[in-house]
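Trainee: Could we go through this model together? I'd like to know what stands behind the labels.

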Amino acid sequence: MTTARDLAQASLAAIKANDKQAWLDLFEDDGFVQDPVGKSRMDPAGNGHHGKAAIAAFYDLFKTHMKQLTSTIHHSALGGDEVAVYATLHIETHDGQKFDTPVLNVYKMSRNGKLASLRSFWEGG
(Lines give C-alpha, C1' and ligand atoms only; values in the text may rest on other atoms or scores of the structure.)
Protein backbone atom coordinates (compact mmCIF):
# COMPACT_ATOMS: atom_id res chain seq x y z
CA MET A 1 0.00 0.00 0.00
CA THR A 2 1.30 3.43 -0.96
CA THR A 3 1.80 5.93 1.86
CA ALA A 4 2.39 9.66 1.89
CA ARG A 5 6.01 8.84 2.81
CA ASP A 6 6.37 6.78 -0.39
CA LEU A 7 5.04 9.71 -2.41
CA ALA A 8 7.41 12.13 -0.69
CA GLN A 9 10.38 9.91 -1.51
CA ALA A 10 9.19 9.53 -5.10
CA SER A 11 8.78 13.30 -5.38
CA LEU A 12 12.32 13.98 -4.21
CA ALA A 13 13.68 11.22 -6.49
CA ALA A 14 11.89 12.67 -9.54
CA ILE A 15 13.28 16.14 -8.77
CA LYS A 16 16.80 14.70 -8.38
CA ALA A 17 16.43 12.92 -11.73
CA ASN A 18 15.18 16.13 -13.39
CA ASP A 19 12.13 14.12 -14.46
CA LYS A 20 9.35 16.66 -14.74
CA GLN A 21 6.76 14.21 -16.03
CA ALA A 22 7.41 11.66 -13.27
CA TRP A 23 7.05 14.47 -10.70
CA LEU A 24 3.82 15.77 -12.25
CA ASP A 25 2.38 12.25 -12.47
CA LEU A 26 2.55 12.00 -8.67
CA PHE A 27 -0.07 14.77 -8.29
CA GLU A 28 -3.83 14.73 -8.53
CA ASP A 29 -5.20 16.86 -11.38
CA ASP A 30 -6.45 19.38 -8.79
CA GLY A 31 -3.37 19.12 -6.55
CA PHE A 32 -1.43 22.10 -5.34
CA VAL A 33 2.09 23.13 -4.42
CA GLN A 34 3.11 25.90 -2.02
CA ASP A 35 6.90 26.22 -2.21
CA PRO A 36 7.60 28.09 -0.08
CA VAL A 37 4.45 28.53 1.98
CA GLY A 38 3.56 32.22 1.98
CA LYS A 39 4.49 35.05 -0.34
CA SER A 40 7.72 34.68 -2.30
CA ARG A 41 9.32 35.83 -5.53
CA MET A 42 8.01 32.61 -7.16
CA ASP A 43 4.50 33.15 -5.75
CA PRO A 44 3.97 36.87 -5.01
CA ALA A 45 0.36 36.37 -3.88
CA GLY A 46 1.29 33.44 -1.65
CA ASN A 47 -1.62 31.31 -2.86
CA GLY A 48 0.36 28.38 -4.21
CA HIS A 49 0.15 26.70 -7.60
CA HIS A 50 -3.19 24.91 -8.12
CA GLY A 51 -3.78 22.26 -10.80
CA LYS A 52 -1.36 20.34 -12.99
CA ALA A 53 -0.80 23.19 -15.47
CA ALA A 54 0.17 25.58 -12.67
CA ILE A 55 2.35 22.94 -11.00
CA ALA A 56 4.10 22.32 -14.35
CA ALA A 57 4.68 26.08 -14.75
CA PHE A 58 6.11 26.20 -11.21
CA TYR A 59 8.49 23.33 -12.07
CA ASP A 60 9.67 25.22 -15.17
CA LEU A 61 10.15 28.38 -13.10
CA PHE A 62 12.30 26.76 -10.43
CA LYS A 63 14.32 24.91 -13.09
CA THR A 64 15.26 28.28 -14.63
CA HIS A 65 17.11 28.97 -11.37
CA MET A 66 18.38 25.50 -10.43
CA LYS A 67 20.54 23.16 -12.44
CA GLN A 68 20.36 20.37 -9.88
CA LEU A 69 18.48 19.73 -6.67
CA THR A 70 19.24 16.78 -4.43
CA SER A 71 18.25 16.20 -0.85
CA THR A 72 19.18 14.55 2.41
CA ILE A 73 16.22 13.42 4.50
CA HIS A 74 16.96 13.76 8.20
CA HIS A 75 13.59 12.64 9.55
CA SER A 76 10.04 12.01 8.46
CA ALA A 77 6.90 11.60 10.52
CA LEU A 78 3.90 9.87 9.00
CA GLY A 79 0.44 10.68 10.32
CA GLY A 80 -2.63 9.36 8.50
CA ASP A 81 -2.55 10.52 4.90
CA GLU A 82 0.22 13.09 5.49
CA VAL A 83 3.94 13.06 6.14
CA ALA A 84 6.22 15.82 7.38
CA VAL A 85 9.74 15.53 6.01
CA TYR A 86 12.66 17.43 7.50
CA ALA A 87 15.40 17.59 4.88
CA THR A 88 18.29 19.60 3.54
CA LEU A 89 18.07 20.57 -0.11
CA HIS A 90 21.41 20.69 -1.92
CA ILE A 91 21.03 23.18 -4.74
CA GLU A 92 23.29 23.94 -7.67
CA THR A 93 22.47 26.92 -9.87
CA HIS A 94 23.17 27.16 -13.57
CA ASP A 95 26.15 29.44 -12.89
CA GLY A 96 27.76 26.86 -10.59
CA GLN A 97 26.82 28.25 -7.18
CA LYS A 98 26.04 25.62 -4.58
CA PHE A 99 24.15 26.02 -1.34
CA ASP A 100 22.08 24.07 1.14
CA THR A 101 18.63 24.97 2.44
CA PRO A 102 16.86 23.28 5.36
CA VAL A 103 13.19 22.59 4.64
CA LEU A 104 10.15 21.06 6.25
CA ASN A 105 7.94 19.59 3.53
CA VAL A 106 4.42 18.42 4.24
CA TYR A 107 2.97 16.01 1.69
CA LYS A 108 -0.72 15.04 1.70
CA MET A 109 -1.92 11.93 -0.11
CA SER A 110 -5.33 11.80 -1.76
CA ARG A 111 -7.77 8.90 -1.53
CA ASN A 112 -6.48 7.87 -4.98
CA GLY A 113 -2.92 7.41 -3.71
CA LYS A 114 -1.56 10.55 -5.39
CA LEU A 115 -0.29 13.82 -4.00
CA ALA A 116 -3.10 16.18 -3.09
CA SER A 117 -0.61 18.80 -1.91
CA LEU A 118 2.99 19.63 -1.22
CA ARG A 119 3.64 22.46 1.20
CA SER A 120 7.28 23.43 1.69
CA PHE A 121 8.37 25.56 4.64
CA TRP A 122 11.72 27.29 4.27
CA GLU A 123 13.11 30.78 4.77
CA GLY A 124 14.63 33.07 2.19
CA GLY A 125 12.18 32.50 -0.67
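Trainee: What makes Lys 52 and Asp 29 a salt bridge?

Mentor: Their closest N and O atoms are 3.8 Å apart. The label asks for a side-chain nitrogen of Lys or Arg within 4 Å of a carboxyl oxygen of Asp or Glu, so this pair qualifies. Bear in mind that this is a predicted model, where local features need pLDDT of at least 70, side-chain atom pairs count only at pLDDT 80 or more, and totals for chains, interfaces and linings use all residues. Residues are numbered from 1 along each chain as its sequence is written, and side-chain values use heavy atoms, leaving out hydrogens and water.

Trainee: Which parts does that pair tie together?

Mentor: Lys 52 sits in helix 3 and Asp 29 in strand 1 (residues 27-34), so parts 23 residues apart in sequence are tied together. Both elements are DSSP runs numbered from the N terminus (helices: H or I, at least four residues; strands: E, at least two).

Trainee: Why is Asp 29 called exposed?

Mentor: Exposed means over 50% relative accessible area, buried under 20%, and partly exposed in between (1.4 Å probe, protein chains only). Asp 29 has 61%, so exposed fits. Lys 52, at 23%, is partly exposed.

Trainee: How many salt bridges are there?

Mentor: The structure has 2. Lys 20 also pairs with Asp 60, with the closest N and O atoms 2.8 Å apart. That pair joins helix 2 (residues 20-25) to helix 3 (residues 52-65), 40 residues apart.

Trainee: How exposed is Asp 60?

Mentor: Asp 60 has 38%, so partly exposed is the right label.
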